[in-house]
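Got the viewer open? Keep the selection box handy, and we'll walk through this one stop at a time.

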Amino acid sequence: METPMTRNTTSYSRRRKQIYDLLTHQILPHIILLPAAAIFLIPFLWMVSTSLKPNEQLFAYPPVWIPNPIMWENYPRSVTYVPFFTYFGNTLFISVTSMIGVIFSSSLVAYSLARIPWPGRNFLFLVTIATLMLPSQVTLIPVFLVFKNLGWVGDFRPLILPQFFGFALYIFLMRQFFMTIPQELSEAARIDGANEFRIFWSVILPLAKPALATVAVFQFIRSWTDYLNPLIYLNDQKLYTLQLGLYQYSSQYGREWGLLMAAAVLITLPIIIIFFFTQRTFVQGVTLSGIKG
Amino acid sequence: MSVCPAEYFRSAGQRFCDSYQASTGEQRKAWLRMTASMQSAPEIRSRQGWSRHTWRHFRNGIIFASPWIIGLLLFWIFPILASLYYSFTEFNAIQTPRWVGMDNFIAMVKDTIFWTAAYNTLWFAVVSIPLAIVWAFGLALVLNRRIHGRIVYRTIYFLPTLVPSVALALVWIYLFNPATGLINVPFDWLGIRGPCWNACAAWSRPTMVLLAMWIIGGQVVLYLAGLQDVPQELYDAAAVDGANVFQQFRSVTLPMMTPVIFYHLVTSVIGAFQFFEIPYIMTGGTGAPDNTLMFYSIYLFKNAFAYFKMGYASALAWVMFIVILAITLVIFRSARHWVYYGGADFT
């Protein structure tokens, strides 16, 4: 009599606990997370929706979510309304060269800071961290004036060249990564008579591919989405980047919202694609640059 | 498990380090005394000059770091000093700078737009930073439960930070249109008229704060990573002591997360002063309505590149630099009272 009863109550209480766990661990969180997800998705979804709208639905109220008819032709029109592919080519060129420059320079410097025990490297590391705290506005004007005196304002050089001198955040990121590689590897290579560049090139860099990938992705996105520097340095429309190009989707009737949003989607898409393929690298990079700081 | 101290390793090497780990407290004290005496040895040597070994490392270190050393001089040290000099001059970027002493700073005190811009920026910082901390931390806390689709959520929260800010700002202009924008729909459901958003002075600043809440994906990722680093043993110990969920949060989660909050706080202060692209694009660079969206960095930019008052703009930049430095220092000073570094190692 008693045994089944107890079994019954325990299984009952166990089930109650299961339901409670299900509620607190699976259902309640989603009640919070789902609306939040909707909020975060709205700008992008609205961008896509608007890019497919016919003109008369652009300012319809209540707003139209699913355009009718779906204006796929907004996309071909969008890339011909302004010289989109010229801007695309310019932006790609700037982003890729900046990426190569910053990877090469930052990894060399990070190697020096992490793998060569030279007197003064701690000081240099401290200065590097300090520049991360410095507002870029302080250096903006003199750097502009230097490029102006060199006669480089108006072309890509002010946007690309500084990347060949390293970037503090990436130096920091790669240094942290290089530190995790056992020092014995370098010692062994040194005993074998390898010079420092050989060790850098054939021992450390191949091991540091995840860090290099992170920096590559970060810099590509940084150049791709940069607005302030092209705004300051580029004045010839043929040399505009995509971000500046977005400004040109307007006629005497105001902004061409459909075409503008189509272009915005096209500009955002490469970043989202890169993010999806490198998500782990990306998240690690964000974490490493934050936590260990 | 005890870890061999780094300076001990450097001076004594791996073999000593192994025996250090195997040692007892008494032996350790003796060894630490020994290393202390050993550390004065390189000092003596450095007085006579570095060994050949050190010289070689020094040469290689400098060569490898040379791009950045040159970059530092070219793009940081020189510009900082140059902008300090310019801040005491009148300079239109074409003629040579003319020394005017403190005139720029005196003009600044009398410049009403400067005060408006400073006020707007501080207002934005004071309101948006605490909200962003609570919002990002809160989302990360919920995400940290072992739930289905965590990666999908994280990706979605990250999405707005991936949209270029020009595109984002343009979408927001459209979304927040006081007449036909999507944002008014929930207000219609409630049967009330939505506010006028960034079109009128009363609501423009809160609108900016609201917009800033969209671009916290990076911080969510940071908090989430921090939460995953909190050792499970601490929660288990707290649970054994009978702490409920809220007590666990107060005495385990929150203290362990203070370094991440600290980092978020420091970077957002700098970020708030540099908040530029979104208000610049949304207001067409005017800071309208009524200069309520004239942020400090916009005003600086306009002085430099629209009015070509490079001297005045440099003075603005230096004031900003000093204010950021002061605020950051205060935060760093306060850190010892509220930031818990027990779990972190700084090697």
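Before you pick anything, a word on labels: a helix here is a DSSP run of H or I at least four residues long, and helices are numbered from the N terminus. Keep in mind too that this is a predicted model.

**Stop 1: a residue at the chain boundary**

Select Val143(A), which sits in helix α5 of chain A. Is Val143(A) buried or exposed? Its relative accessible area is 12%, so Val143(A) is buried. Now show what surrounds it. Leaving aside neighbours within four places in sequence, Val143(A) is in contact with Tyr233(A) and, across in the other chain, with Phe75(B) and Pro79(B). For a sense of distance, draw a line from Val143(A) to Trp201(A): the two are 58 residues apart along the chain, and their C-alpha atoms are separated by 32 Å.

**Stop 2: chain A as a whole**

Zoom out and colour chain A by secondary structure. You should find 14 helices and two strands. The radius of gyration of chain A is 27 Å, while the globule rule gives 19 Å for 293 residues, so the chain is more spread out than a compact globule. If you align the view to the principal axes, the C-alpha trace spans about 90 × 70 × 35 Å.

Switch to a surface next. The accessible surface of chain A is about 14,200 Å², and carbon and sulfur atoms supply 68% of that. Of its 293 residues, 52% count as buried. Turn on contacts and look at those with a separation of 6 or more: 72% of them are between residues 24 or more positions apart. Colour by charge, and you get 20 positive and 12 negative side chains, with the centres of the two sets 6 Å apart.

**Stop 3: two buried spots in chain A**

Go to Ser49(A) in helix α1, which covers residues 2–51. Ser49(A) has 6% relative accessibility and so counts as buried. Setting aside neighbours within four places in sequence, its contacts are Val64(A), Trp65(A) and Pro67(A).

Step along to the peptide bond between Asn68(A) and Pro69(A). This bond is cis, with omega about -5°. Pro69(A) belongs to the loop between α1 and α2 (74–81) of chain A.

Then jump to Phe178(A), in helix α7 (residues 168–179) of chain A. How accessible is Phe178(A)? The relative accessibility is 0%, which is why Phe178(A) counts as buried. Beyond the neighbours within four places in sequence, its contacts include Ser107(A), Ala110(A), Tyr111(A), Ala114(A) and Arg115(A). Add Ile204(A), Leu205(A) and Ala208(A) to the selection as well, since they are also in contact with Phe178(A). Ala263(A) is another matter: 85 residues away from Phe178(A) in sequence, with a C-alpha to C-alpha distance of 40 Å.

**Stop 4: the interface**

Show both chains and select the contacting residues. There are 98 in chain B, touching 95 in chain A. The size of an interface is often given as the accessible area lost when the parts come together. Here about 8,400 Å² is buried between chain B and chain A, with 79% of it from carbon and sulfur atoms. On the chain B side, pick out Phe64(B), Trp68(B) and Tyr174(B): these lose the most area to chain A, together 11% of what that side buries.

**Stop 5: α14 of chain B and the loops on either side**

Select helix α14 of chain B, residues 296–305. How many of its ten residues are buried? Ten of the ten are, so the helix is mostly covered. Among them are Tyr296(B), Tyr299(B), Phe301(B), Lys302(B) and Phe305(B). To see what they pack against, show α5 (137–149) and α11 (228–233) of chain A. From chain B, add α5 (112–143), α12 (245–273), α13 (277–282) and α15 (310–338).

Now the loop between α13 and α14 of chain B, where you'll find Pro289(B). The peptide bond from Ala288(B) to Pro289(B) is cis, with omega near -5°. Asn291(B) is in the loop between α13 and α14 too. Its phi is near 65°, a positive value in a residue other than glycine. With 24% relative accessibility, Asn291(B) counts as partly exposed.

Last selection: Phe308(B), in the loop between α14 and α15 of chain B. Phe308(B) has a positive phi of about 55°, although it is not a glycine. Its relative accessible area is 40%, so Phe308(B) is partly exposed.

Technical notes: Residues numbered from 1 in each chain as written. Chains lettered and ligands numbered in written order. Predicted model: local features only at pLDDT ≥ 70, side-chain atom pairs only at ≥ 80, totals over all residues. Heavy atoms only, no water. Rg over C-alpha atoms; globule rule 2.2 N^0.38 Å. Buried < 20%, exposed > 50% of the residue type's maximum accessible area, 1.4 Å probe, protein only. Contact = heavy atoms within 4.5 Å. Areas by Shrake-Rupley, 256 points an atom, 1.4 Å probe, with all protein chains shown as cover. Lys, Arg positive; Asp, Glu negative; His and termini not counted. Charge placed at Lys NZ, Arg CZ, Asp CG, Glu CD. Buried area = accessible area lost by both parts, 1.4 Å probe.
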